[in-house]
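Let's walk through this protein chain together, one short question at a time. Grab a coffee and have a look.

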Amino acid sequence: MQALTAPAGGRERNAAVLPLPAFSDNYIWAIVRDGQAAVVDPGEAGPVLRFLDQQGLKLRAILLTHHHADHVGGVLELSRIEGITVYGPAREKLPRCDVRLAEGDRVTLPELDLDLTVLDVPGHTAGHIAYAGRAAGVEHALFCGDTLFAGGCGRLFEGTAAQMFDSLEKFSALPADTKVFCAHEYTLANLRWASAVEPANRDLHTWHLRAQQLRADGHPTLPSTIGQERATNPFLRTQQPDVAQAAASWAGRHQNTPVEVFASLREWKNDFK
C-alpha cells in the first residue's frame with residue numbers, strides 16, 4: 001500500500017488522494033488527511049476496509065457520483081462504520097444517501113482539506129454528478145466517476161449525446177492543472193482508439209507511450225489532467241479540424257456541429273476493437 005505523502009504541490013505532508021484498485025479495472029479514490037479519510041465510489045467494501053486498517057484511518061464520508069453497482073456496491077457494508085456521512089446525486093436511487101446533491105451544492109470537510117463543488121453531468125446516467133475543487137492538498141481536483149476517462153468518456157446508457165457533450169464542456173472549462181480522478185483504468189484501450197482518430201497528434205503519441213510504460217511497471221495511469229485531456233482526448237477536441245474530419249470519414253457523412261462530431265465519435269468508440 002502506498003505511504004501517505006502529499007502530492008506534488010500539496011500543502012500537507014500527511015495528505016494524499018490515493019487509488020484503491022477494485023474489481024478488474026475500477027479505482028476507489030481515498031482522500032486522506034490527519035488520520036481520517038473519505039472515499040469516492042466504493043463499488044466494494046473490501047479494498048476500503050483493508051486500507052483503513054493498514055493505515056489506521058477513520059472513515060468520515062463516502063462520495064458517490066452515480067448509481068451503478070460497481071460504484072455503490074460497498075456502501076451498505078461501509079455504512080456499518082459509525083459516524084460516516086454518505087453524499088450522492090439527488091436524482092438517482094442509491095443504497096444509502098444522507099446528503100443529496102445537485103449542481104452548485106458544496107461538500108466541505110475541513111478535516112480533509114476538502115471543499116468540492118458539485119456539477120450535474122448527465123450522459124452516462126441521467127443523474128450523474130461530479131465533484132470539483134480542493135481535496136487533501138490537491139488544489140484542483142475532479143472526481144468525475146464514469147463521465148470522463150483518460151482518452152475517453154462514459155457510454156451513453158441513460159443520457160443523450162448532447163447531454164454528455166455539455167457535461168464534458170463543463171470539465172474542459174476547469175483549470176488545465178486540474179487532476180482528473182476518474183473511476184476506471186481504461187487508458188490504454190482509450191488511447192489506442194484516440195490514436196486511430198488523430199494519428200498525427202504528437203501529444204497523444206507521447207502520452208500513449210508513457211501510459212504503456214506506467215502499466216508495464218504496474219502503476220496507474222491516473223490521475224490525468226484537464227490540460228492533458230484537452231490535448232489528447234478526442235471527446236474534448238470535437239472542434240479540432242482533424243477530429244471532425246475523422247468523425248465524418250468514419251460516419252460517412254458531414255458533421256454540422258460539435259455535438260454531431262461527438263455523437264459519431266461515441267458510436268465509433270462503442271464499436272472499436
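What follows is a chat about the sheet and then about a site taken from a record.

Me: Before we start, what kind of model is this?
Reply: Residues are numbered from 1 along each chain as its sequence is written, and side-chain values use heavy atoms, leaving out hydrogens and water. Local features need pLDDT of at least 70, side-chain atom pairs count only at pLDDT 80 or more, and totals for chains, interfaces and linings use all residues, since the model is predicted.

Me: Which strands stand at the edges of the open sheet?
Reply: Strands here are DSSP runs of E with at least two residues, helices are runs of H or I with at least four, and both are numbered from the N terminus. Two strands pair if DSSP finds at least two bridges between them. The sheet has 6 strands in the order β1-β2-β3-β4-β5-β6, with mixed pairing. Each edge strand has a single partner, so one side of it is left without a neighbour in the sheet, and these strands are β1 (15–22) and β6 (99–101).

Me: In what sense do β3 and β4 pair, parallel or antiparallel?
Reply: β3 covers residues 36–40 and β4 covers residues 58–63, and 5 bridges link them. In one of these spots, A38 sits opposite A61. The sense of the pairing is parallel.

Me: What is A61 opposite in β5?
Reply: β4 and β5 (residues 85–89) run parallel and are joined by 3 bridges. Across from A61 in β5 stands T85.

Me: How far apart do the C-alpha atoms of the "binding site" residues get at most?
Reply: UniProt, in an unreviewed entry, puts this feature at H66, H68, H124 and D146. Its positions are given in the numbering used here, feature names are shortened, and annotations may be inferred rather than shown by experiment. The four are spread over 81 residues of sequence, yet they cluster in space, with a largest C-alpha distance of 10.0 Å.

Me: Is H66 buried or exposed?
Reply: H66 is in the loop between β4 and α2 (69–72). Buried means under 20% relative accessible area, exposed over 50%, and partly exposed in between (1.4 Å probe, protein chains only). H66 has 0% relative accessibility, so the word for H66 is buried.

Me: What is the relative accessible area of H124?
Reply: H124 lies in the loop between β8 (114–120) and β9 (129–135). Contact means heavy atoms within 4.5 Å, and beyond four places in sequence H124 touches residues including H66, H68 and D146. H124 is buried too, because its relative accessible area is 4%.
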